[in-house]
Every structure is written in C-alpha cells, then in structure tokens.
Amino acid sequence: IKKMREWFHKTELEKAKQTMKCVLEKHSLTHDDVLYFSFVRNPFDQAYSAWREAQYTHGCQLDFQDFIEKSIDFYTNKKKPKDITEASQLWHLRPQYENLLDEDNKVGVDFVFKFENIEEDFKALFNIIKKRPPNDDLPLIHRNKRPDSEERRDGSSLRFYNEKTEALIREFYRQDFLYFCY
C-alpha cells in the first residue's frame with residue numbers, strides 16, 4: 001500500500017520521464033531524438049467518464065453529484081487512497097495539467113492533442129513524424145463497448161451536470177480549461 005500511495009502521488013510526467021530515461025539510455029538516444037506528446041480530454045467528459053468507470057469497474061453506487069463532490073473533496077484535501085480501487089478512481093479524475101507540467105510549470109511535452117479530435121489529431125501526429133498513418137482512409141475504431149460509450153464521446157454527458165456540479169468541475173479543472181483551451 002505504501003508503494004502504491006507513493007506511485008499515485010507521482011505525476012504521470014515524472015513516471016514517463018523515469019521510463020524514458022531508461023529507454024534513451026538503452027538505445028543511446030538523447031531527449032532531442034524523441035517526440036513527446038499527449039492527448040487530453042474535455043474536463044466535463046473526463047469527470048463523467050471517471051464516474052462511469054467507478055460504477056462499471058469498482059461497483060460505485062454514488063450518483064453523479066455525490067461522486068463528484070466526494071471525489072473532489074478527497075483529492076483536494078490530499079487524502080490518501082486506502083486501496084488500489086480508490087487510487088484508480090482518483091487517478092481517472094486527476095486534473096490533466098498535473099501530469100503534463102514540468103518543474104517550470106510549462107507543458108512538458110512537444111504536442112498536446114485532444115481526445116475530442118482524435119481522428120484529425122492522430123493524422124496530424126503522423127504528419128509531424130513524417131509517416132503515413134496506417135489505413136489513413138479508415139476511421140479509428142473506438143473499442144469501448146459499454147452501453148454508454150457513445151454518449152461519453154459525443155458530449156451528451158453534459159446532461160448529468162447541474163449548476164453545482166458544473167461549478168465544481170470548472171473550479172477543480174480550472175488549470176485544464178486554461179492550459180488546454182477548453
């Protein structure tokens with residue numbers, strides 16, 4: 001549990017840097033030889049997705065508003081996850097900027113793409129690296145087969161928001177809205 005808690009509080013950028021350091025050393029590459037990129041997601045869709053993931057994967061019985069209120073309180077007050085289930089729920093809700101900012105509070109990747117534009121951005125990524133996307137005439141296939149998967153992608157998750165949950169998400173993800181222009 002102690003290691004899991006320590007790992008949880010490391011940012012994804014720290015974890016990626018640790019992994020990349022090993023890869024660079026193994027292949028005798030430098031930082032400049034590698035393209036760093038990330039995909040981000042609309043915070044409203046991300047929070048809704050975190051709730052649905054908690055329901056499907058972890059059996060969460062909270063309604064959307066209670067889940068948002070309790071999760072944000074838990075995360076904001078830096079309470080420690082008691083187990084891997086709780087940690088994974090919080091990881092999904094975590095503001096994305098925390099994972100992508102470097103020591104100077106600058107986005108620590110070369111490119112940030114948006115999940116909402118995944119097909120176009122995926123093609124743009126291949127153009128950047130000067131390669132043709134595989135089957136570039138075919139759309140990317142979304143593999144999530146859950147019943148609500150389509151509504152999570154088309155923005156209709158907004159119907160679950162009321163004034164209070166919208167305000168909570170706007171505040172909690174304020175930096176994501178700012179850094180990633182949502």
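This tour moves through a predicted model one selection at a time.

**The whole chain**

Begin with the entire chain in a cartoon representation. Its 182 residues form 10 helices and 2 strands. Read from the N terminus, the elements follow the order α-α-β-α-α-α-α-β-α-α-α-α. With a surface displayed, the accessible area is about 11,700 Å², and carbon and sulfur atoms account for 53% of that area. Buried residues make up 35% of the chain. If contacts are restricted to residues at least 6 apart in sequence, 69% of them connect residues at least 24 apart.

**Strand β1 and a nonpolar patch**

Select residues 37–40, which form strand β1. F37 belongs to this strand, and its relative accessibility of 38% places it in the partly exposed class. Add F111, I128 and I129 to the selection: together with F37 they make a nonpolar surface patch of about 300 Å².

Next, step back to the loop that joins α2 (12–26) to β1, and select S28. The phi of S28 is positive, about 50°, although S28 is not a glycine. S28 counts as exposed because its relative accessibility is 67%.

**Helix α7**

Select residues 118–128, helix α7, and display its side chains. Which residues of α7 are buried? They are D121, L125 and F126. Viewed down the axis of α7, these buried residues occupy an arc of 145° and therefore line one face of the helix. E120 and N127, on the other side of α7, are exposed. To see part of what covers the buried residues, display the two strands as well: β1 and β2 are included in that cover.

Continue past the end of the helix to K130, which follows α7 and has a positive phi, near 60°. A further residue to inspect for its backbone is N105, in the loop between α6 (97–100) and β2 (111–114). N105 is not a glycine, yet its phi is also positive, near 60°. At 52% relative accessibility N105 is classed as exposed, since the exposed class begins over 50%.

**Helix α9**

Select residues 163–172 for helix α9, and then its buried residues T165, I169 and F172. These three span an arc of only 70° around the axis, and so they lie on the same side of α9. The spacing has a general background: an α-helix has 3.6 residues a turn, so residues three or four places apart point the same way.

Centre the view on T165, a residue of α9. T165 is buried because its relative accessibility is 0%. What does T165 touch, leaving aside neighbours within four places in sequence? Its contacts are F64, Q65, I68 and F160.

Now move to the start of α9 and display N162 together with K164. There, a side-chain oxygen of N162 comes within 3.0 Å of the backbone nitrogen of K164.

**Salt bridges**

The model contains 4 salt bridges. Keep K164 in view and add E69: the two side chains form a salt bridge with an N to O distance of 3.0 Å. This pair links distant parts of the chain, with E69 in helix α4 (residues 64–76), K164 in helix α9, and their positions 95 residues apart. Both partners are partly exposed, E69 at 24% relative accessible area and K164 at 45%.

A second pair to select is E98 and R94, whose side chains form a salt bridge at 3.5 Å, N to O. Are its partners buried or exposed? E98 is partly exposed at 22%, whereas R94 is buried at 4% relative accessibility.

**Towards the C-terminal helix**

Finish with E171 and R174, which form a salt bridge whose closest N and O atoms are 2.9 Å apart. E171 has a relative accessible area of 48% and is partly exposed. R174 is placed in helix α10 (residues 174–179), and at 46% R174 is likewise partly exposed. As a last selection, show the C-alpha atoms of R174 and P43: these residues are 131 apart along the chain, and their C-alpha atoms are separated by 9.2 Å.

Conventions
Residues are numbered from 1 along each chain as its sequence is written. This is a predicted model: local features need pLDDT of at least 70, side-chain atom pairs count only at pLDDT 80 or more; totals for chains, interfaces and linings use all residues. Side-chain values use heavy atoms; hydrogens and water are left out. Buried means under 20% relative accessible area, exposed over 50%, partly exposed in between (1.4 Å probe, protein chains only). Helices (H or I, at least four residues) and strands (E, at least two) are DSSP runs, numbered from the N terminus. The arc is that of the directions from the helix axis to the C-beta atoms. A polar contact is a pair of N or O atoms within 3.5 Å; within protein, one must be able to donate a hydrogen and the other to accept it, and residues adjacent in sequence count only if both atoms are side-chain atoms. Contact means heavy atoms within 4.5 Å. Patches are made of residues with over 30% relative accessible area and no salt bridge: like charges are joined within 9 Å, nonpolar side chains (Val, Leu, Ile, Met, Phe, Trp, Tyr) within 5 Å. Accessible areas come from the Shrake-Rupley method with a 1.4 Å probe; for residues, only the protein chains shown count as cover.
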